[in-house]
Amino acid sequence: MTTAVPLRKSPRKPWTPSQIILTILGVAVSAVFVAPIAAALLTSFKAEAEAAAIPPHWLPEVWTAQAWKALWETGNITNWFVNSLVVSVCVTSVVLAVSTLAGYGFARTEFRGRTVLMGIVMAGLMISPAVLGVPLFTTVQQMGMVDTYWGMILPQCAPAAMVYILYKFFQGIPRELEEAAFIDGAGRWRVFFTIVVPLARPSLAAVGIFTFIASWNNFLWPYMVTNNPDLMTMPNGIATVMNSYGIQWAQLMAGGLMAGLPLIVVFVFFQRQIVAGVAHTGLAGQ
């Protein structure tokens, strides 16, 4: 009969000065990002008079959920959430389709005017979306898409940055994989869907997540293109949280937290895909 020999635990190595410094820096940076969220959460549990008090203080003197209750009763949270979800999902789907095809076309096909078109795409990276607000609104108005879902969706589907990200990724795929499939009799579309797209899953996941977050947070364009309360998205709906006495800060903080909750959930569940996507696009070292 053999007796079990207890495993010896190696003594814990003391922290080096560099580890201590990096840990302190990490905690400090984390505190900078967590502090606004904590302040918003604590403010949402204050009474409106206390939330507007100057100077402000962190902890509520009287804890109350009145702001959350009032937001649900007076605001149209469900409708705002559905509108944001519809717009963000549609924008993400269109951007993924357009940027994947365009990125692969620029990376793998030779055609007349390719360099000029790629230059136009690169120029789109240098133009602020705010500059295009007026001409885009004029175009949408002439097409009769003001106060419609399509008016909010289509102008957000010009993904110059996403085309470039996928273009860089497709350039890194070995051409031998596609040439072997062509020798076996596969066509361009079959190669694209059976070889290229599966290899691009990490990058496609990152592009989809970035696009969804940007569309969900977009305030300016939905604000410009619609005045219909039934079509308001979460950022626009939350901006209306005020009465004759001014902004209701506690309700505004509660609405902001509710608007940010889906994005937090997306990041928690897809953070690995985000990191992998950035690493596979070729942008990490640039």
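Leaving aside its neighbours within four places in sequence, which residues is Val-266 in contact with? I would like to open with that residue, and I should say at once that what we are looking at is a predicted model. Val-266 sits in helix α14, and, once the neighbours within four places in sequence are set aside, its contacts are with Ile-209, Phe-212 and Gln-271. Val-266 counts as buried, because its relative accessibility is 16%, and buried here means under 20%. There is also a distance to keep in mind for this part of the model: Val-266 and Ile-213 stand 53 residues apart in sequence, and from C-alpha to C-alpha they are 8.7 Å apart in space.

Let me step back to the whole protein for a moment. The protein has 14 helices and two strands, and of its 286 residues, 33% are buried. If we take the contacts between residues at least 6 apart in sequence, 72% of them join residues that are at least 24 apart.

I turn now to the empty spaces. As a general point, rolling a probe the size of a water molecule over the atoms shows where empty space is left. In this model, the largest pocket holds about 860 Å³ of space, and its lining consists of 30 residues, with Pro-129, Pro-155, Gln-156, Ala-158 and Pro-159 lying nearest the centre. Several helices take part in that lining, and those that each supply at least two residues include α4, which runs over 77-108, α5 over 114-124, and α6 over 133-142. Also supplying at least two residues each are α8, at 160-171, α11, at 201-217, and α12, at 220-225. As for the character of the lining of the largest pocket, 23 of its residues are nonpolar and seven are polar, while no charged residue is found there.

The second largest pocket has a volume of about 290 Å³. It is lined by 14 residues, and those closest to its centre are Gly-256, Leu-257, Gly-260, Leu-261 and Ile-264. Two elements give two or more residues to this lining, namely α1, at 17-44, and α14, at 249-281, and of these it is α14 that gives the most, with ten residues. That brings us back to the helix in which we began, since Val-266 also has its place in α14. By class, the lining of the second largest pocket contains eleven nonpolar and three polar residues, and again no charged ones.

Besides the pockets, how many cavities of 30 Å³ or more does the structure hold? There is one, and the space in the largest cavity comes to about 30 Å³. The residues that line it are Ser-84, Val-87, Ser-88, Ser-215, Trp-216, Asn-218, Pro-222 and Thr-233. The elements giving two or more residues to this lining are α4 and α11, and the most come from α4, with three. By class, the lining of the largest cavity has three nonpolar and five polar residues, with no charged residue among them.

One of those lining residues, Asn-218, deserves a closer look. Asn-218 is placed in the loop between α11 and α12, and a polar atom of its side chain lies 3.4 Å from the backbone nitrogen of Leu-220. Not counting residues up to four places away in sequence, Asn-218 touches Gln-156, Thr-233 and Pro-235. Two of these names have come up already: Gln-156 is among the residues nearest the centre of the largest pocket, and Thr-233 is among those that line the largest cavity.

Next, the cysteines, where a general reminder may help: a disulfide is a covalent bond between the sulfur atoms of two cysteines. Why does Cys-90 not form a bond with Cys-157? The sulfur of Cys-90 has its closest cysteine sulfur in Cys-157, and because the distance is 8.4 Å, the two are too far apart for a bond. The count of disulfides comes to zero. Cys-157 is buried, with a relative accessible area of 13%, whereas Cys-90 counts as partly exposed, at 29% relative accessibility.

Finally, I would point out Asp-147, which lies in the loop between α6 and α7, the latter at 149-153. The phi angle of Asp-147 is near 60 degrees, which is a positive value in a residue other than glycine, and Asp-147 is partly exposed, its relative accessible area being 33%.

Note on methods. Residues numbered from 1 in each chain as written. Predicted model: local features only at pLDDT ≥ 70, side-chain atom pairs only at ≥ 80, totals over all residues. Heavy atoms only, no water. 1 Å grid on protein atoms, 1.4 Å probe; cavity = no way out; pocket = protein on both sides within 12 Å on 5 of 7 lines; lining within 4 Å. Points joined across faces, edges and corners; volume = space filled by probe spheres on them. Helix = DSSP H or I, 4+ residues; strand = E, 2+ residues; numbered from the N terminus. Nonpolar A, V, L, I, M, F, W, Y, C, P; charged D, E, K, R; others polar. Polar contact = N/O pair within 3.5 Å; in protein donor to acceptor, adjacent residues only side chain to side chain. Contact = heavy atoms within 4.5 Å. Buried < 20%, exposed > 50% of the residue type's maximum accessible area, 1.4 Å probe, protein only. Disulfide = S-S within 2.5 Å.
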